[in-house]
Amino acid sequence: MLEFAVMLPLILMLLAGALDYSLLMCMAISVADAARAGAQYGSLSAANASNTLGMQNAALNAAPDVPGLTATAVKVCKCSDGTTVNCSGGSCSSGPVRVYAQVKASTSAAPIINYSLVPFAGAVSTTVSMRAQ
């Protein structure tokens, strides 16, 4: 019985750490899915890539269970070599200008237990960029 009493705090800390890690991973997956949904909405057409409010709403609606989720969306124009150009009148020497929808979703997640030896700022963020059709 003494062995159990000595090992119980260690077992509970391991379980709490596994729970914290799994909740954080679930939150990160939800944030990534939200960013992906917003970028997918923007990639459906060049008109949707300009609709930043629609991309933000698509991202926020994809993860309604994530508290404090924020989404920012931008329309980005790039050349085939990866250089960024102005979307209104920019030109590329390497070919046509390609339009991308880019969405960044982020939130903060606090661990259940504060682990003093493992610093965690609590920020969970994902940026997704998809080419508009």
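Colleague: Which cysteine does a disulfide join to Cys-79, and how should that link be read?

Modeller: In this predicted model, Cys-79 is joined to Cys-92 by a disulfide with an S to S distance of 1.9 Å, and the torsion of -85 degrees about the S-S bond makes this link left-handed. Since a disulfide can tie together parts of a chain, one asks where its two ends lie: Cys-79 is in the loop between β1 and β2 and Cys-92 in the loop between β2 and β3, so the pair connects parts that are 13 residues apart in sequence.

Colleague: Are Cys-79 and Cys-92 buried or exposed?

Modeller: Both Cys-79 and Cys-92 are buried.

Colleague: How many disulfides does the count come to, and what is the handedness of the one formed by Cys-77 and Cys-87?

Modeller: The count comes to 2 disulfides. In the one formed by Cys-77 and Cys-87, the sulfur atoms are 2.1 Å apart, and this disulfide is right-handed because the torsion about its S-S bond is about 120 degrees. Cys-77 belongs to strand β1 (residues 70-78), whereas Cys-87 sits in the loop between β2 (84-85) and β3 (98-108), 10 residues apart. As for accessibility, Cys-77 counts as buried at 2%, while Cys-87, with a relative accessible area of 34%, is partly exposed. When the bonded cysteines are numbered in sequence order, the pairing reads 1-3, 2-4.

Colleague: Turning to helix α1, what span should its 42 residues have?

Modeller: One compares an expected span with the model: at 1.5 Å a residue, the 42 residues of α1 should span 62 Å, and this agrees with the end C-alpha atoms, which are 62 Å apart. The helix nevertheless has a kink of about 35 degrees at Leu-8, shortly before the proline Pro-9.

Colleague: Which residues of α1 are buried, and what do they pack against?

Modeller: The general idea is that an α-helix has 3.6 residues a turn, so residues three or four places apart point the same way. In α1 the buried residues include Ala-16, Asp-20, Met-27, Val-31, Ala-35, Ala-39 and Ser-43, and the buried residues of this helix pack against α2 (46-50), α3 (52-62), β3 and β4 (123-131). Cys-26, by contrast, counts as partly exposed, at 48% relative accessibility.

Colleague: What is Ser-43 in contact with, leaving aside its neighbours within four places in sequence?

Modeller: Ser-43 is found in helix α1 (residues 2-43) and counts as buried because its relative accessibility is 8%, under the 20% cut-off. Apart from those sequence neighbours, Ser-43 is in contact with Ala-101, Met-130, Arg-131, Ala-132 and Gln-133.

Conventions. Residues are numbered from 1 along each chain as its sequence is written. This is a predicted model: local features need pLDDT of at least 70, side-chain atom pairs count only at pLDDT 80 or more; totals for chains, interfaces and linings use all residues. Side-chain values use heavy atoms; hydrogens and water are left out. Helices (H or I, at least four residues) and strands (E, at least two) are DSSP runs, numbered from the N terminus. Buried means under 20% relative accessible area, exposed over 50%, partly exposed in between (1.4 Å probe, protein chains only). Contact means heavy atoms within 4.5 Å. A disulfide is a pair of cysteine sulfur atoms within 2.5 Å. The expected span of a helix is 1.5 Å times one less than its number of residues. The bend at a residue is the angle between axes fitted to the seven residues ending there and the seven starting there.
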